[in-house]
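Here's a walk through this fold, going from ring pairs to helices, cores and a couple of single residues. Have the viewer open and follow along.

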Amino acid sequence: MLKGQFLTDRGKVRDHNEDSGGIFFNADQQFLAVIADGMGGHKAGDVASQMTINNIQTNWEEVSGLTTPEEMENWLFETIRSVNKSLFDHAQSHVECQGMGTTIVITICTPDFFTVGHVGDSRCYIANEHGFSQVTEDHSLVNALVKAGQVSKEDAQNHPRKNVVLKAVGTEQQVEPDVQSLEWEHGDRLLLCSDGLTDKLTDEQLSSFVDGNVEMGQAGQQMINLANQLGGEDNISLILIQHDVSPEEGETS
């Protein structure tokens with residue numbers, strides 16, 4: 001049994017929430033979780049993230065027969081590319097939406113493995129017997145500078161251009177998402193989140209919430225509260241997923 005919790009918060013500064021997300025099940029009752037962090041100014045960011053979530057939900061609820069990691073990866077890859085085209089075409093025909101886009105992080109979870117795809121700097125982490133680690137790699141300017149050895153990981157946290165993404169869904173005619181599958185086991189937890197969380201909390205702080213025995217909804221709210229206490233300049237969204245909880249610990253939500 002898989003248990004998931006989606007939480008989103010406007011933050012302390014923004015006057016609206018451009019993040020969207022959700023947990024959805026397909027015809028085979030397989031579990032998908034997704035977060036989209038919209039960009040493009042007032043209204044347009046909302047449109048980009050919500051269109052993305054709506055398209056993914058519709059496509060996922062209609063699909064069945066996916067069993068292998070390769071099938072999951074192909075579905076995610078093609079779905080993200082399809083959503084990208086829908087957003088790009090919408091922006092071309094609606095002047096108020098020109099330039100809009102969204103990051104995305106999305107995972108399909110099965111008892112044996114999870115498949116994750118992403119574009120931009122929304123992230124997926126895993127907490128397991130090996131510790132707490134980031135699964136995705138940011139498509140961001142600062143991460144490119146870190147990889148090139150021009151900026152340290154510590155300095156990247158406060159870099160003035162840390163929110164510049166190198167690619168997003170909807171901003172170009174085509175996009176190449178990163179997609180991969182990893183094994184996981186009973187008791188492992190996943191964290192999906194927008195940069196409104198990771199800009200404020202270090203990996204060590206995130207780990208302390210995700211690794212603990214605190215109920216997922218409570219742990220998620222504590223992370224959001226801390227991000228807001230530290231400034232809350234951006235919208236904050238997260239999904240916590242736990243592998244194989246016992247029924248008495250709660251129903252999947």
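Searching the whole of this predicted model turns up 4 aromatic pairs. Take F25 and F31: their ring centres sit 5.6 Å apart and the planes make an angle of 85 degrees, so this pair counts as edge-to-face. The two partners have different surroundings: F25 is partly exposed, at 30% relative accessible area, whereas F31 is buried, at 1%.

Another edge-to-face pair is made by F114 and W184, with 5.6 Å from centre to centre and 70 degrees between the planes. Where do these two rings come from in the chain? F114 belongs to strand β5 (residues 113-119) and W184 to the loop between β8 (178-183) and β9 (189-193), so the pair ties together parts that are 70 residues apart in sequence. F114 is buried, with a relative accessible area of 0%, and W184 also counts as buried, at 4%.

How far can you trust the picture? The average pLDDT of the protein is 92, and 96% of the residues reach at least 70. Residues 247-253 are a stretch to treat separately: the pLDDT there is below 50, and the stretch has 15 contacts in the model beyond near neighbours in sequence.

**Two helices**

Both helices in this table can be checked against the span expected at 1.5 Å a residue.

| Helix | Number of residues | End-to-end C-alpha distance | Expected span |
|---|---|---|---|
| α1 (residues 44-62) | 19 residues | 27 Å | 27 Å |
| α7 (residues 216-229) | 14 residues | 20 Å | 20 Å |

For α1, the distance between the end C-alpha atoms agrees with the expectation, and for α7 the reach is close to what is expected.

Now look at what each helix hides. In α1 the buried residues are A44, G45, A48, S49, T52, I53, I56 and W60. Their cover includes the strands β2 (19-25), β3 (31-39) and β4 (101-109), along with helix α2 (69-93).

Over in α7, the buried set is M216, G217, A219, G220, M223, I224, L226, A227 and N228. These residues pack against β1 (2-9), β9, α5 (195-198), α6 (203-210) and β10 (236-243). The N-terminal end of α7 is capped by E215, which places a side-chain oxygen 3.0 Å from the backbone nitrogen of G217. Just past the other end of the helix, G231 adopts a positive phi of about 135 degrees.

**The cores**

In soluble globular proteins, nonpolar side chains tend to be buried together. Here, the largest nonpolar core has 27 residues, and the members that touch the most others are L32, V34, W60, W75 and I106. Which elements build this core by supplying at least two residues each? They are β3, α1, α2, β4 and β5. The biggest contribution comes from α2, with 7 residues.

W75 is a good residue to click on. Leaving out residues up to four places away in sequence, W75 touches L32, I56, N59, W60, V63, L66 and I108. A separate core of 20 residues lies apart from the largest one, and its members include L7, Y125, A127 and A219.

**Two residues to zoom in on**

Start with T115, in strand β5. Is T115 buried or exposed? With a relative accessible area of 0%, T115 is buried. Its side chain makes a polar contact of 2.8 Å with the side chain of S181. Beyond neighbours within four places in sequence, T115 is in contact with P69, M72, E73, L76, I106, T107, I108, V179, Q180 and S181.

D211 makes a nice contrast. It lies in the loop between α6 and α7 and is partly exposed, with a relative accessible area of 40%. The side chain of D211 makes a polar contact with that of S207, at 2.7 Å. Not counting residues up to four places away in sequence, D211 touches A127 and F132; A127 is also among the members of the 20-residue core. From C-alpha to C-alpha, D211 and E129 are 9.9 Å apart in space, with their positions 82 residues apart in sequence.

Technical notes:
Residues are numbered from 1 along each chain as its sequence is written. This is a predicted model: local features need pLDDT of at least 70, side-chain atom pairs count only at pLDDT 80 or more; totals for chains, interfaces and linings use all residues. Side-chain values use heavy atoms; hydrogens and water are left out. Rings of Phe, Tyr and Trp (its six-membered ring) pair if their centres lie within 6.5 Å; planes under 30 degrees apart count as stacked, over 60 as edge-to-face and the rest as tilted. Buried means under 20% relative accessible area, exposed over 50%, partly exposed in between (1.4 Å probe, protein chains only). Helices (H or I, at least four residues) and strands (E, at least two) are DSSP runs, numbered from the N terminus. pLDDT is the predictor's confidence in each residue, from 0 to 100. Contact means heavy atoms within 4.5 Å. The expected span of a helix is 1.5 Å times one less than its number of residues. A nonpolar core is a set of buried Ala, Val, Leu, Ile, Met, Phe, Trp, Tyr and Cys residues joined through side-chain atoms within 4.5 Å. A polar contact is a pair of N or O atoms within 3.5 Å; within protein, one must be able to donate a hydrogen and the other to accept it, and residues adjacent in sequence count only if both atoms are side-chain atoms.
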